[in-house]
Amino acid sequence: MIWSLLMLVAGLLAGLQPLGPARAGPVEGIRLENSDSSSPDTPTTEHRRVASRVNLLQLNFVDRGKPGKTVLSSSDLQTRSHLTIDGYVSGVVALCADEMAVSVDGRPMAPIRVGADGALWLKNFGRVAEGELLAPNREQPLERAEAGNLAAARRSAVLDGGYAYFPAVAGDAVATAERFTIRFRAGTQQLNLAVQQQGYSLICSIAPEKLLAREPIPFFYAGEPTDRFGGRTAADLDARLKAVAKGIEAVESAFSGTLIDGVTIIESPGRHNAVTCSGSRRIWFYSAALLGEPLDELVVIAEHESLHILVDLLQLTQSTALRELFADLKGYDDLSLERLELLTFGRVARARSGAGQTSPSPLLAFISEKNFLEGARGGHADADLEEFCTSFLHSLMHSDRLEEALRRPLNLGSSRSRDLTEGGRQALKTHYTLTIDAMAGSLNEARRNGFSGAEAAAQLALRLAQTRAVLSTDSR
Ligand SMILES: [Zn+2]
């Protein structure tokens, strides 16, 4: 009964044929080893004992750009201590019979949460519909569980024995090494599952042109090195990577020494952008953006993403002064929910279109890259405080273009533009100056709270003061 149940779950999760002893030959995307009991790596009694308490282990992987999933049952785990994956592992889900400490490459897996509606939430992955995962210790999918059990699961808010590990950036690998360990620890006993993947490869390092003291910027590729970048010439790819390096170097030379520790290029169908993550100095470029954007736009994107890392380092979105200013620029009413959320949490949980808002400042459109940097396409400074700070720093970095940008019609995106009146120009200058002052104040806040960006803060303070002086001279 249990065996057939696990087969059912495996099928549900993987969308594949269940993986079990009846299957001959390898399952697509995965090779299981150690089925030979004479192997020196034959799992120990301790390994088998811990494995008997793991109901299910799911590995999400990306093989030659295509995502897939595979599932191991308790029996699979009891007979093997090694796995070889074709491609790299992009997520891990474990359902255990009871509480365990489970880690992926030394990093703890997060408990699976149960939402108020009974749906499951996997950290960095999102919602999983009821019935897609089986609750440990139960012989039915959650959606069919007794009402009492389900209510208890909702109250506890954590799925007992359920753990997930997904990288912060979707499509990235859970570990950068070719070989890593998934470890289950129950009391004093543990199970180590060695996983072999074809994961990250360092494709090149690009030495900066001006920052002689800086180490070359490493570019990693998450995927199959042999058929990467389908048919691009080496020269084209080289020019694209150099454009990214140029953007990074421009930000680093404007604000501080080394900000970025590398660039990872990942495949993810449907994604056409680049991202950064709080607490990390890595830029992730989706290959569609890297291969599809013009070289000038790649420089702009790389600058923008590098500035996100600077905003994070300087803790700008934590600043009360900047939160208040952004609420004012967005035109949030004094007693609106949006203003309250922004001041309390630094962001608005649910954007209600136009609600609690009157006449947002044109500064939001003005500093967006598609307006401020003529010819650029990106930027959405009105989206949230982080985007606002990032685009503002970008405009500050190119403050030599400020006067020229004030003379042009305001590009509102989607082929819409608006001529600026003299009054409109003065309002923009005033709002720009208010932002300079709030940002200067935020650096003092960050210094008091303690942060690691002292050098960058000093450079930024200097640029804020210089640009403020130019603006006040112009206004006279
Ligand atoms: Zn952004």
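Two strands count as paired if DSSP finds at least two bridges between them. Keep that in mind for the tour, which goes through a predicted model.

**Stop 1: a first bridge pattern**

Select residues 110-114, strand β8, together with residues 158-165, strand β11. Three bridges join these two strands, and they run antiparallel. For a closer look, pick out Pro111: you will find Tyr163 of β11 opposite this residue.

**Stop 2: the sheet around it**

Now widen the selection to the open sheet of seven strands. Going across, you pass β3, β2, β5, β11, β8, β9 and β10 in that order, with antiparallel pairing. Why is one side of β3 and of β10 left without a neighbour in the sheet? Colour residues 66-73 (β3) and 126-128 (β10): these strands stand at the edges and have a single partner strand each, so nothing in the sheet flanks their other side. As you rotate the view, follow the twist, which averages 30 degrees from one strand to the next.

**Stop 3: a second sheet**

Next comes an open sheet of five strands, ordered β14-β15-β16-β18-β17, and here the pairing is mixed. Its edge strands are β14, at 200-206, and β17, at 274-275; each of them pairs on one side only. Zoom in on β14 and on β15 (residues 217-222): six bridges join them, and the two run antiparallel. One pair to label is Leu202 with its bridge partner in β15, Phe220.

Keep this sheet on screen and add residues 234-255, helix α5. Which strands does α5 touch as it packs on the sheet? They are β14, β15, β16 (262-266) and β18 (282-286). The direction of α5 makes about 70 degrees with that of β14.

**Stop 4: a pair of helices**

Move on to residues 320-330, helix α8, and residues 337-345, helix α9. Their axes come within 9 Å and cross at roughly 160 degrees. Angles over 145 degrees count as roughly antiparallel, and α8 and α9 are therefore roughly antiparallel to each other. The crossing of the two is right-handed.

Show the side chains where they meet: Arg323, Glu324, Phe326 and Ala327 from α8, and Arg339, Leu342 and Leu343 from α9. By class, this contact has four nonpolar and three charged residues, with no polar ones.

**Last stop: the whole chain**

Zoom out to the full protein chain, with its 15 helices and 20 strands. Of its 476 residues, 41% count as buried. Among contacts with a separation of 6 or more, 66% are between residues 24 or more positions apart.

Technical notes
Residues numbered from 1 in each chain as written. Predicted model: local features only at pLDDT ≥ 70, side-chain atom pairs only at ≥ 80, totals over all residues. Helix = DSSP H or I, 4+ residues; strand = E, 2+ residues; numbered from the N terminus. Axes fitted to C-alpha atoms, helices over the stretch in contact; angles between N-to-C directions. Parallel < 35°, antiparallel > 145°, perpendicular 65-115°, else oblique. Left-handed = near helix turned anticlockwise from the far one by under 90°. Contact = placed C-beta atoms within 7 Å. Nonpolar A, V, L, I, M, F, W, Y, C, P; charged D, E, K, R; others polar. Buried ≥ 20, exposed ≤ 12 C-beta atoms within 10 Å, placed from the backbone.
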